[in-house]
Amino acid sequence: MEAEPLINASYKRVLERKVDGQGFFSAFYENFIDASPDVAAKFRHTDMPQQQSMLKKAFYHLLAFYGSNNAITSTRWRSATTVRTWTSLPSSMTSGSRS
């Protein structure tokens, strides 16, 4: 089965779910902000409907990316780059004890 229909169905369930009568993103931010006075201070002057809209769009784009072949290609490229990076590190960084 292809991943995209599963991702879309899962995202739809998230959007349809209500937590204390609120949509997922409203409930997420309420819980996030209530978790810490520092977090609440950071969001004090934020347009929350706009913030929720941006998070919702970012969430959707992330899911769409991972549901596409782009994620597979990107992961393979990143893995190859990581292997090259680790194999080309100076010997002082790969051997002996670290202080």
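How many salt bridges does the structure hold? The structure holds one. A salt bridge is a side-chain nitrogen of Lys or Arg within 4 Å of a carboxyl oxygen of Asp or Glu. The model is predicted, so local features need pLDDT of at least 70 and side-chain atom pairs count only at pLDDT 80 or more, while totals for chains, interfaces and linings use all residues. Residues are numbered from 1 along each chain as its sequence is written, and side-chain values use heavy atoms, leaving out hydrogens and water.

The salt bridge joins Lys-12 to Glu-16. Their closest N and O atoms are 3.9 Å apart. Both residues sit in helix 1 (residues 3-16). Because they are four residues apart there, about one helical turn separates them. Helices (H or I, at least four residues) and strands (E, at least two) are DSSP runs, numbered from the N terminus. Lys-12 has 51% relative accessibility, so it counts as exposed. Exposed means over 50% relative accessible area, buried under 20%, and partly exposed in between (1.4 Å probe, protein chains only).

Asp-20 lies in the loop between strand 1 (18-19) and strand 2 (22-23). Its relative accessible area is 79%, so Asp-20 is exposed. Asp-20 is not a glycine, yet its phi is positive, at about 50 degrees. Most residues other than glycine have a negative phi.

Helix 2 (residues 24-34) holds Phe-32. Phe-25 is also placed in helix 2. Phe-25 is buried, because its relative accessibility is 5%. Its C-alpha atom is 8.1 Å from that of Leu-15, ten residues away along the chain. Phe-32, in contrast, is partly exposed, with a relative accessible area of 35%. Phe-32 joins Phe-24 and Phe-28 in a nonpolar patch on the surface. Together the three have about 250 Å² of accessible area. Such areas come from the Shrake-Rupley method with a 1.4 Å probe; for residues, only the protein chains shown count as cover. Patches are made of residues with over 30% relative accessible area and no salt bridge, with like charges joined within 9 Å and nonpolar side chains (Val, Leu, Ile, Met, Phe, Trp, Tyr) within 5 Å.

Helix 2 also packs with helix 4 (residues 48-66). The angle is about 115 degrees, and the axes are 10 Å apart. Axes are lines fitted to C-alpha atoms, for helices over the stretch in contact, and angles run from 0 to 180 degrees between N-to-C directions. The two helices are therefore roughly perpendicular (65 to 115 degrees).

Definitions and conventions:
Parallel < 35°, antiparallel > 145°, perpendicular 65-115°, else oblique.
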